[in-house]
Structures are given as structure tokens and as C-alpha cells.
Amino acid sequence: MNTVSPALAVVDDDAAFRRALERLLRGAGYSVDTFASAEDYLAREGGPRHGCLILDVYLGGKSGFDLRAELAESGIHIPVVFITAHEDVGVIARAASGVPCLRKPFDEELLFEAIAAVTGGTPPQ
Amino acid sequence: MRAFRIIAAFITLAACTPAALPGIEPGTGRAVLIVHAEDPYLPWVADVTAGIYEVLEADPAGRPDLYVEHLDLARFPEPGHTGARAAWLREKYRHQKMDAILAVTKGGLDFIEPLAGELWPGVPIVFLENERFIRNVLIPGRVTPVLARFEVAETLDLAMDLLPGARRVAFVTGAPDIEAQETAYVRTELLSRSDRLELIDLTGLPMAELQKRIVSLPQDAFVFYWGIRVDGAGRSFIPREALRQFAPLSSRPIFGVFPGQMGYGLVGGRLLELKELGKEGGRAVQRILAGEPVAIRGSFSRLVFDDRELRRFGISADRLPAGSEVRFHEETLWSRHPKLVAGAVAALLLQTALIATLLLERRRRGLAQALTGATLASLPGQVAVLDGGGRVVQVNENWETLAAAGGGSPAGGTPVGEDYLAAWRRSRASIGPSAEAGLRLVQDVLQGSAKHGTLEYSLPEGGRDRWYEMNVEELRPPGRGAVVVQVDVTQRRQAATEVRMRDREIAHLNRVGAIGELASSLAHELGQPLGAILANAQAARRLLSRPSPDLEEVRASVSDIIEDDQRAGHVIQRVRALLRGEETPRDTVDVNEVVRSVLRMVAGEASLRGASIRPVFASSSPTVFGDRVQLEQVFLNLVLNGLDAVAESTPGQREVRVSTSVTNGSVEVSVSDTGPGIQSPDLELVFEPFFTTKAQGLGLGLSICRSIVEAHGGEIRAENGAVGGAAFRCAFPSADRLPA
């Protein structure tokens with residue numbers, strides 16, 4: 001099956017959620033790598049450069065905000081979609097202005113649209 | 001009582017004119033028609049009508065006949081509808097004379113004015129409206145306007161005073177083509193502050209779209225809500241119900257001017273009390289009917305705020321202008337509790353007084369018999385003096401009264417000259433073991449083996465137990481006899497029972513409060529599994545829609561769904577157990593596990609507050625014997641306190657440590673923080689009820705913690721750390737040391 005670009009990285013500390021999202025995104029034609037923490041993501045070796053990061057906000061160690069800021073500081077600007085199970089998406093949206101933030105549970109369409117919006121692509125059907 | 005009721009009924013009848021009663025000829029014969037352009041179920045419409053009724057029903061000249069028409073023109077503005085309405089009303093009122101008309105809003109006036117001219121030429125019309133809606137409108141001579149205004153611009157000023165950083169106002173109302181005139185008016189009002197406030201237009205959006213937009217308003221914005229009657233998708237709403245659908249999502253406080261919307265998500269505003277407008281309209285009609293000149297008063301607005309919303313957005317009540325009314329205070333138990341405490345104290349004082357009186361009685365043994373008699377008579381309760389052999393030699397009046405009535409303890413009213421011990425022996429059958437104890441107590445004192453003693457016992461009386469306290473005091477030297485004082489302590493015991501019940505209730509409230517504090521992290525805990533369930537279900541749907549589905553993968557999705565559903569179920573079970581606070585059966589509890597489950601509950605809360613929690617677990621699994629839910633409550637309280645304590649610390653230094661350990665057969669759980677430490681010179685004070693350093697706290701958390709810990713045979717101590725911060729240590733007897 002053809003994969004729709006871009007390659008995605010999902011960073012979420014909840015194993016069950018990670019597995020579910022990977023299954024969903026692969027099913028929709030994305031290629032997906034998953035990481036349990038910001039540290040894991042930073043420590044990854046080689047591999048493809050990801051076209052979009054799907055970042056849980058509260059991770060065990062460094063937060064999704066931290067990871068995004070750290071990448072930006074090293075000159076790496078990868079489009080980001082934040083996801084969180086936290087109540088106040090408003091707070092999060094303000095903290096990361098301009099970055100879409102989806103509250104779990106979210107519909108697949110919202111996620112695909114958000115990915116398309118930040119990468120400039122078209123969402124899968 | 002009966003006579004009173006008849007008089008009251010007579011007055012009520014007299015106050016109503018017969019016209020109010022069906023089938024009776026009208027007395028005053030005056031008729032007033034109230035015309036609303038709106039639908040009757042709008043709360044403000046009902047308020048206006050209520051105000052009109054309140055005044056006219058109490059009209060000293062007699063209540064006029066009142067007719068009310070609701071035209072519902074906002075939702076059905078088509079000419080076909082208005083024409084049919086007019087034809088219908090023309091038929092309905094063809095033979096009904098009318099003395100005055102109250103037209104509510106411009107829509108109502110425009111509709112009824114030509115019809116009134118046709119049916120009732122020259123009838124006076126009182127017109128209730130907002131003055132801003134009728135600018136540049138010529139009002140006919142027979143129309144008396146009563147004009148209110150919505151203080152929209154003033155409400156913006158109010159919002160800017162309360163939110164000093166506010167630079168933008170988001171305007172939320174319904175579809176403008178339905179409410180064009182109103183929307184335009186409100187917009188003009190909002191723009192009157194455009195030098196200080198930028199307008200964000202959220203009018204006429206479909207509800208779903210509004211809900212999306214409202215969650216991420218800029219920090220320097222607030223919302224002004226007018227009223228959605230029809231949204232951008234054509235759905236009809238009651239404006240306050242519409243408010244309820246988006247207010248909880250709003251990231252910024254919402255202000256408004258309609259009192260009916262209070263409690264549905266408004267933080268507050270200058271609310272137009274439309275009932276007052278209705279009353280003013282009623283008074284205008286009254287004066288017109290009486291042929292008097294009409295004088296109209298000006299402002300009908302009041303400053304009203306919702307305490308819950310103020311708290312939610314961190315607006316201090318101190319900032320509110322003078323004369324503000326704050327509603328929806330969370331009800332506190334404390335308003336009622338002091339009375340009970342006072343009751344218990346009073347009972348204690350009574351007891352002390354009795355003892356003092358007894359001592360006095362002893363000192364006066366040598367005084368004249370008359371004086372003793374007078375003293376006895378003055379004593380509360382029943383008093384008897386026994387000789388060395390247990391025979392009653394003297395009693396006070398209360399004792400005699402009881403003897404005559406045959407009440408109290410079977411032995412209680414033993415008459416002078418009879419054997420008190422024998423009376424106790426006789427009452428064995430009726431009061432059981434207490435009789436044995438009473439007999440032994442009196443015997444012990446008489447024989448000198450005890451100087452005094454107290455017994456509390458109950459007697460069934462009228463289906464309920466009455467409780468008595470008996471005090472027996474020896475007369476010295478030993479062998480000379482004893483004084484017996486008996487008091488009815490039923491009330492005191494009831495008060496004590498009530499206090500105990502309150503305590504349970506308070507513990508419950510405290511738990512509920514803790515859950516409230518955790519609401520956001522609970523939502524977080526539920527969001528995780530629900531998110532995974534949805535993603536798995538949608539993945540499975542995609543898999544199944546393929547020509548040759550990978551059933552293994554579908555099966556894996558479904559298994560994960562089941563697992564996640566159970567995960568969500570456990571969260572709910574835990575909350576339920578905490579909320580109910582039911583006593584779970586005591587059992588051997590793994591303390592590490594309890595602490596872990598508490599840390600799971602507060603994890604979201606901690607990261608939200610930028611604090612870290614560092615757990616250090618004992619390597620063995622220390623166990624105590626107790627109630628898991630109660631222990632959870634203790635540790636939850638301590639950790640939440642820790643998180644509160646570090647709130648003011650610099651980011652990066654907000655740490656709460658939780659450790660479990662076992663030493664010498666005792667299990668210790670300690671919670672320490674990097675906050676400012678306990679400022680009180682007496683560390684024990686923090687466990688007293690009502691001791692609090694928090695603006696919002698009741699000061700009960702720690703006192704409840706202590707009672708729970710002590711009920712588990714443990715103890716709790718507060719300390720200040722050597723390098724700052726507070727530490728709370730709970731020590732429990734290890735379950736390993738208890739006999740199995």
C-alpha cells in the first residue's frame with residue numbers, strides 16, 4: 001500500500017494510546033515511528049527525518065513543549081501537532097500559540113486535518 | 001388557628017376582584033392587554049410579565065382583567081404569520097373592551113398599535129423597551145414609553161476594571177439576520193469602547209464552531225454574551241441553554257446583561273432586572289387608569305456575579321465594585337456547625353456545675369437540715385441522700401416528682417424510707433446489665449471501696465431510649481452513706497451523636513473537595529483510555545473497509561479496546577469509592593500500592609502546576625491493616641498540601657517527596673515538600689480543625705488525616721525540614737506484627 005507523506009513520529013508516554021494511534025495512522029497510509037518519551041526521541045539514531053511530530057504535552061520527563069523548543073533551538077523546525085488528555089486545551093493552545101492541540105479522545109478526521117494543516121498536505125480519505 | 005385561617009381566606013378573597021374568579025361578573029370591569037413579541041418561555045419575557053402582574057394584582061383599585069399574548073415574532077417573522085395572528089386577535093377580542101395595553105418591545109408595539117387603533121380607538125398604550133432600540137423612532141402620542149437600557153458599554157468598563165490586562169472583547173450572539181436590530185445595537189455599544197477594546201466577532205456561528213473557537217481565546221480577551229436564539233446552523237436555542245453549551249469550554253470569563261443567564265456560565269455583569277421594568281410598566285398602567293401623570297424611573301440594572309465563575313478565572317471578590325451581589329457561594333457546613341459545638345459545651349458545663357454543687361453539698365453536711373433541704377431543692381436533676389445501709393433518707397423535689405410519676409430509672413424515684421439497693425435489684429429485669437452495674441456502684445460507695453462513681457444507662461421510653469447519668473458520691477467518713485444524683489442526659493448524647501455524624505459528613509465533604517481539586521487530572525486519566533479506544537475503533541473500521549481485511553489486526557484492536565475500557569472503568573470505580581466514602585472492609589493493605597494509586601491521581605495536577613513528585617518506595621511491600629480508601633484520602637490530602645506549599649517556589653524547585661519505609665515493625669509514610677515550611681510556632685496546631693494558611697481552605701484536611709491515622713492505630717507528626725520545607729510523617733503498626 002502506498003504511504004501518504006509525511007513520515008510521522010508519535011511521542012506519547014501511554015503505551016496503549018501509542019499503539020492505538022500507530023495502528024490508526026498506518027491504516028490511513030502514514031508511515032509512523034513511535035517513542036515513549038522526549039528523551040527517547042532525541043536519542044534515536046539515524047532513520048528518516050520526520051515530516052511531522054505528534055507530541056503528547058505531558059510526558060514522563062521532558063514535556064512536549066520542551067521537546068519542540070529544544071528542536072527549534074538546534075535549528076530543527078518540524079511541524080508539530082500537540083495531543084493531550086488534559087482538560088484545559090485552551091491553556092495549552094495559548095502556551096504553544098499557533099500549534100494545533102487536540103484533546104484526547106479526538107476523531108481521526110481532526111487529527112488528519114491538523115497534520116495536513118501543519119505540513120501543507122491533504123488529509124487522507 | 002382555624003379562625004385565623006378563615007380570616008386569611010376572607011382577606012384573599014377581598015383582595016381579588018370578583019373578575020379574577022371564573023363565572024362571576026367583573027367588578028372593576030377594567031381590562032389590560034399585555035403584548036409580547038417574543039415566545040413566553042424566554043426567561044426575561046416571563047420576568048417582565050411577572051413584574052407587571054405583581055403590581056397590577058395588588059392594585060388598590062382592584063385587579064384589572066389581564067390578557068397576555070405572545071406573538072413569537074422573532075422566530076416567525078414571515079408576513080403570513082403576522083397577518084394571520086392579527087386576524088385571529090381581531091376575532092378573539094372583537095367584543096372585549098380594553099382600557100390599557102402594555103406592549104413589550106418594538107416588535108410588540110409595531111404589531112399591536114394599528115390593531116389597537118382599529119379595535120379600541122384612543123386606548124392608552126404603555127410601551128416597554130430598551131431606549132437604544134428605538135432611537136429615531138417617532139412614538140405616537142397615546143403611547144407612554146417606559147424605557148430601560150442594557151448597560152452593555154458599562155459592563156465592558158466593569159470587565160476592564162476586573163481584568164486589567166483586557167484588550168479584546170469577543171462578541172457572542174446568534175445569527176444576525178434573525179436579530180439584526182439587536183445585534184447592530186449591541187455592536188454599536190461594544191464599539192463605543194473601541195479605543196480600548198478590539199472586537200473579536202463570534203456572532204452567528206454554528207454552535208459546534210463556536211465551541212471550537214471559544215476554547216482558545218487570547219489571554220487578553222473576555223467574552224460578551226448577548227443571547228443565541230438561533231445559531232449559524234439554524235438551530236433554535238433558549239439563550240441561557242446556548243450559554244451553558246459553550247461557557248464551560250471558554251478559556252476566558254463571560255460577561256452579560258441578562259439576569260436569566262446568571263448561573264449558566266456568566267461571570268457577571270450589569271444585569272437588567274426585567275422584572276423591575278415590568279413592575280414599572282405595571283405602575284404606569286395603574287397611574288394611567290387612575291388618570292394620574294406618569295413618572296418613570298431610570299436604571300433597572302444591578303451588579304451581580306457568580307462566585308464559582310469568579311473563582312474559576314481567579315477574579316478576587318475584593319475587586320468587585322461596591323454594591324455587587326455575589327451569588328452561588330459554595331454552601332459551607334460551618335454556618336451551622338458552631339451551634340452544635342455550643343450544644344456540646346453547654347452539656348459539659350452542666351455536668352461540671354453538678355459536680356461543683358455536689359462538692360458544695362458535701363461541705364454543707366454540718367449545716368442545718370433546712371439549709372440542706374433548700375440546697376437539694378435547688379439542684380437540677382434528681383438528688384437523694386442514702387444512709388449507710390442504702391435507705392433513702394432525704395430527696396429533693398425532682399426526685400419526689402419522679403417517684404410520683406413512676407418514671408426515670410426504676411430505682412430513680414425510690415421514696416424516702418425505702419431501700420435504694422433493693423430498688424436496683426428489682427429493676428434488673430427491666431434494664432438488664434445496667435442494673436447490675438448501678439447496684440454495684442451504689443454498693444461500692446456505701447461500703448467505702450469507692451469514693452464516687454458515674455454510670456450512664458438508657459431506658460426505653462415512648463419508643464425511644466432516654467439516657468440518664470447517675471453520680472454516686474460518698475458521705476464521709478466512710479459508712480455514713482452516699483448522695484445519688486441522677487440527670488437526664490438524652491439531649492447531650494443526641495448532640496454528641498450529631499457531632500459524630502457531622503464529623504463523618506465533613507470527612508466526606510473533604511473527600512469531595514479533594515476530588516474537585518483533582519477534576520482536571522481525572523479527566524486526564526479518562527481521556528487516555530478513551531482516546532485509545534476511539535483510535536483503535538477507527539483503525540478497526542478502516543481495516544474492515546478494505547477488500548481483504550487483516551482480521552488478526554482487527555482482533556488486536558478490539559482486544560485493546562476492551563483493555564482500555566477496563567482501564568477507564570477502574571478510574572471511575574476509584575472516584576466512586578472516594579466520593580461515597582463508604583467504609584470498605586478493613587484488610588491488609590499494601591502501602592506502596594496505595595501511595596502509587598494516589599500518585600497516579602495527582603500526576604496530572606502536579607505537571608500542570610510545574611511541580612515534580614519524587615517517590616521513594618520501601619523495597620519490601622510494607623502492609624498495614626486498614627481501610628484502603630481512607631488511607632488514600634490521607635496521602636492524597638498530604639500530597640495536595642505539598643503541591644499547594646510549593647506553588648510559590650521558583651519553577652524547577654517545586655518538589656514533593658513521598659517515601660514509604662519500615663522500621664521496627666512500624667510502617668512509615670512521609671510526605672515532604674520544598675515549600676516555605678510551617679510558619680506556626682506550634683507544629684501540633686496544624687492538626688487542629690480550622691487551622692489553615694490557604695485563602696480557600698477550610699482547615700480540615702489535616703485534622704481529618706489525623707483522625708484517620710489514629711483510627712488505624714498510628715500517629716502523624718508535622719516537622720520542618722533542616723533545609724526548609726514541611727514534612728508530614730505517618731507511622732502505622734505493620735500488619736506483619738498483628739496476629740493473623
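Me: Which residues does B:Arg235 touch, leaving aside those up to four places away in sequence?

Reply: B:Met207 and B:Val230. Keep in mind that this is a predicted model.

Me: Where does B:Arg235 lie?

Reply: In a loop of chain B, between strand E8 (221–225) and helix H8 (239–246).

Me: How far apart are the C-alpha atoms of B:Arg235 and B:Met207?

Reply: They are separated by 8.4 Å. Along the chain, the two residues are 28 apart.

Me: How many other C-beta atoms lie within 10 Å of B:Arg235?

Reply: There are 15. A residue counts as buried at 20 or more and as exposed at 12 or fewer. B:Arg235 is therefore partly exposed.

Me: Let us turn to sheets. What holds strands together in general?

Reply: Backbone hydrogen bonds pair them, either parallel or antiparallel. Chain A offers a parallel case: an open sheet of five strands.

Me: In what order do the strands of that open sheet in chain A stand?

Reply: E2-E1-E3-E4-E5. The edges are strand E2 (32–35) and strand E5 (101–103) of chain A, each of which pairs on one side only. On average, neighbouring strands of this sheet are turned by 20° against each other, ignoring direction.

Me: How many bridges join strand E4 and E5 of chain A?

Reply: Three, in the parallel sense. E4 of chain A covers residues 80–84. To place the pair in the viewer, find A:Phe82, whose bridge partner in E5(A) is A:Cys101.

Me: Which strands does helix H1 of chain A lie across?

Reply: Helix H1 (residues 15–27) of chain A lies across strand E1 (8–11) and E2 of that chain. The helix runs at about 170° to E2(A).

Me: And which strands does helix H3 of chain A lie across?

Reply: E1, strand E3 (52–56) and E4 of chain A. Helix H3 spans residues 64–73 and runs at about 145° to E3(A).

Me: In what pattern do the elements of chain A run from the N terminus on?

Reply: β-α-β-α-β-α-β-α-β-α. That covers five helices and five strands. Of the 125 residues of chain A, 42% count as buried.

Me: Now an antiparallel case. Which strands of chain B pair with E24(B) in the antiparallel sense?

Reply: Strand E22 (residues 666–673) of chain B does, over seven bridges. Strand E23 (residues 715–720) of chain B does too, over six bridges. On the E22 side, B:Ser672 stands opposite B:Ala727 in E24(B). On the E23 side, B:Ala718 has B:Phe728 in E24(B) as its bridge partner.

Me: How many residues lie between E23(B) and E24(B) in their hairpin?

Reply: Five. In the turn, B:Gly724 has a positive phi of about 95°.

Me: Why is strand E24 of chain B described as largely enclosed?

Reply: Because six of its eight residues, in the run 726–733, are buried. In general, side chains of a regular strand alternate between the two faces of the sheet.

Me: How many helices and strands are there in chain B?

Reply: 22 helices and 24 strands. Of its 740 residues, 37% count as buried.

Me: Last point. What share of contacts in chain B between residues at least 6 apart in sequence join residues at least 24 apart?

Reply: In chain B, 65%. For chain A, residues 24 or more positions apart account for 56% of the contacts with a separation of 6 or more.

Conventions: Residues numbered from 1 in each chain as written. Chains lettered and ligands numbered in written order. Predicted model: local features only at pLDDT ≥ 70, side-chain atom pairs only at ≥ 80, totals over all residues. Pairing = 2+ DSSP bridges. Helix = DSSP H or I, 4+ residues; strand = E, 2+ residues; numbered from the N terminus. Axes fitted to C-alpha atoms, helices over the stretch in contact; angles between N-to-C directions. Contact = placed C-beta atoms within 7 Å.
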